[in-house]
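Welcome, and please open the model in your viewer with the sequence panel beside it. We will go from stop to stop, selecting a few residues at a time.

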Amino acid sequence: MSELLARHRAVMPNWLALNYTEPIEIVSGKGNRVVDADGKSYLDFFAGILTNMIGYDVPEVREAVERQLATGVVHTSTVYLLRGQIELAEKIARLSGIPDAKVFFTNSGTEANETALLLATYARKSDQVLAMRQSYHGRSFGAISVTSNRSWKNNSLSPLNVHFLHGADRHLTQFKGLSDADYIAACVDDLRHVLATAVSADVAALIAEPIQGVGGFTMAPDGLFAAYKEVLDEQGILFISDEVQTGWGRTGSAFFGIQNHGVTPDMITFAKGLGNGFAVGGIVARGDLMDGPHAVGLSTFGGNPISMAAANATLDYVLDHDLQANAARTGAIIIDGLKEAAQRLSCVKDVRGKGLMFAVELESPAQAARFMEETKRAGLLAGKGGLYGTAIRMAPPLTLTVEEAVEGLGIIVSALETIDAEAAER
């Protein structure tokens with residue numbers, strides 16, 4: 001055990017997970033690559049859990065932060081006007097497509113989802129919330145209550161009355177072999193049945209990830225949330241799209257993941273990639289919902305000048321360089337290549353994803369762990385997850401080049417071939 005790992009285990013909680021049998025310390029980064037304390041370089045296909053959205057040491061972001069630091073003002077709080085906060089809110093409100101939108105900034109996706117749940121339950125005067133099976137929305141008390149993955153759920157106590165829906169679980173026996181249209185119809189029937197049997201009137205909201213992060217990048221077929229929203233609208237139930245992982249063009253086919261379903265939600269939550277590593281989260285919602293609560297509120301560090309400088313520069317970079325199109329282009333190289341390779345690899349149960357958000361489902365958690373070690377050895381960083389711990393999830397920076405996409409695909413396929421050969425020998 002390394003000296004640093006021993007110190008980590010002595011003062012950090014046991015549930016703070018580390019990747020790899022021998023965890024690494026990342027000490028520098030440039031572009032889409034990082035270097036560990038031993039000098040080994042890695043192509044980063046996990047980006048700090050989808051957070052280093054445009055890579056490392058980006059001049060535009062660094063210079064924006066340095067300009068703000070040079071003013072001597074790192075923090076003032078929201079009791080004063082914050083120009084960067086207002087400018088970023090204007091951009092996000094416009095991009096969201098939500099009518100009369102207003103924005104509130106937090107420090108994380110967990111806080112953003114807590115805010116959305118507060119707004120929804122306040123507006124609807126109800127503690128009843130719908131969420132998706134296999135979902136993950138954060139580690140706080142309220143966010144855990146709308147999380148549907150036992151590995152991430154610490155207790156059954158909840159401030160909310162939650163019911164979970166189908167929509168990203170086509171592996172279940174009753175849904176296998178169904179077309180997208182038939183699966184959507186079955187899920188809508190289930191939603192109507194839940195509303196008729198499991199709740200009273202005045203459900204507050206449905207909160208859903210367009211692509212489930214911790215769930216292993218499982219996703220509803222395009223159009224399901226449009227069908228759900230038709231039912232929700234009949235009863236005035238609000239729709240919250242959790243875009244903490246799917247936002248800012250990552251799916252390639254839409255700027256926000258929910259737009260793949262042809263839906264404009266009542267609220268969108270966001271975090272992770274927007275600050276390219278600086279802590280920023282938030283919510284954009286209809287103005288009437290955002291203005292609704294009667295009590296005074298603030299976020300001490302939410303919208304602070306440093307994070308706003310980074311986020312404004314990051315969002316401008318994404319838009320100016322059309323990184324959504326780049327995600328579509330480079331993501332297709334990898335996803336198509338993985339699907340082709342999967343046809344000859346018995347260890348691969350599924351390949352799924354959109355743009356630069358893709359996953360490989362393996363046969364066992366042991367194979368997933370083996371993949372992590374093999375790709376680490378070959379110089380590529382990945383992540384794992386899924387409901388059963390069998391999914392490898394990858395989301396490189398949106399600045400990934402075609403050459404890096406081909407390089408990464410080669411490392412992934414080679415690792416899968418190794419695992420497949422080992423399985424065949426048993």
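Before the first selection, one definition: a nonpolar core is a set of buried Ala, Val, Leu, Ile, Met, Phe, Trp, Tyr and Cys residues joined through side-chain atoms within 4.5 Å. Keep in mind, too, that this is a predicted model.

**Stop 1: the cores**

Select Ile 92, Tyr 228, Leu 338 and Phe 371. In the largest nonpolar core, which has 94 residues, these four touch the most other members. Now add helix α10, residues 305-320: its nine residues are the biggest contribution to this core. As background, nonpolar side chains in soluble globular proteins tend to be buried together.

Which residues does Ile 92 touch, not counting residues up to four places away in sequence? Show its surroundings and you will find Val 103, Phe 105, Trp 248, Phe 270, Leu 274, Val 284 and Leu 315. Another core, of 19 residues, lies apart from the largest one; among its members are Ala 131, Ala 205, Ile 207 and Met 267.

**Stop 2: strand β9 and its partners**

Met 267 takes us to strand β9, so to speak, residues 267-270. Show the side chains here: Met 267 and Thr 269 point one way, Ile 268 and Phe 270 point the other way, and all are buried.

Next, colour the strands that pair with β9. Strand β8 (residues 238-242) runs parallel to β9, and three bridges join them. Look for Asp 242, which stands opposite Thr 269. Strand β10 (residues 281-286) pairs with β9 in the antiparallel sense, over four bridges. There, Gly 282 is the bridge partner of Phe 270.

**Stop 3: the second largest pocket**

Select Val 103, Phe 104, Met 290, Gly 297 and Leu 298. Of the 22 residues lining the second largest pocket, these are the closest to its centre. The space in this pocket comes to about 650 Å³.

Which strand gives the largest share of the lining? That is β4, with five residues. To see it in context, show α4 (83-96), β4 (101-106) and α5 (109-124), each of which supplies at least two lining residues. Colour the lining by class and you should count 15 nonpolar, five polar and two charged residues.

**Stop 4: an open sheet**

Now display β1, β2, β3 and β13. These four strands form an open sheet in the order β1-β2-β3-β13, with mixed pairing. At the edges are β1 (26-30) and β13 (380-381), each pairing on one side only. Zoom in on β2 (residues 33-36) and β3 (residues 41-44), an antiparallel pair with three bridges. Arg 33 stands opposite Leu 43 in β3.

**Stop 5: two residues to compare**

Select Ser 145, in helix α6 (residues 141-145). Is Ser 145 buried or exposed? Its relative accessible area is 6%, and the cut-off for buried is under 20%, so Ser 145 counts as buried. Leaving aside neighbours within four places in sequence, Ser 145 is in contact with Lys 153, Ser 158, Pro 159, Leu 160, Val 162 and Phe 164.

Finally, select Ala 325, in helix α11 (residues 323-342). With a relative accessible area of 29%, which lies between the 20% and 50% cut-offs, Ala 325 is partly exposed. To finish, draw a distance from the C-alpha of Ala 325 to that of Ser 2: the two are 323 residues apart in sequence and 42 Å apart in space.

Methods:
Residues numbered from 1 in each chain as written. Predicted model: local features only at pLDDT ≥ 70, side-chain atom pairs only at ≥ 80, totals over all residues. Heavy atoms only, no water. Buried < 20%, exposed > 50% of the residue type's maximum accessible area, 1.4 Å probe, protein only. Contact = heavy atoms within 4.5 Å. 1 Å grid on protein atoms, 1.4 Å probe; cavity = no way out; pocket = protein on both sides within 12 Å on 5 of 7 lines; lining within 4 Å. Points joined across faces, edges and corners; volume = space filled by probe spheres on them. Nonpolar A, V, L, I, M, F, W, Y, C, P; charged D, E, K, R; others polar. Pairing = 2+ DSSP bridges.
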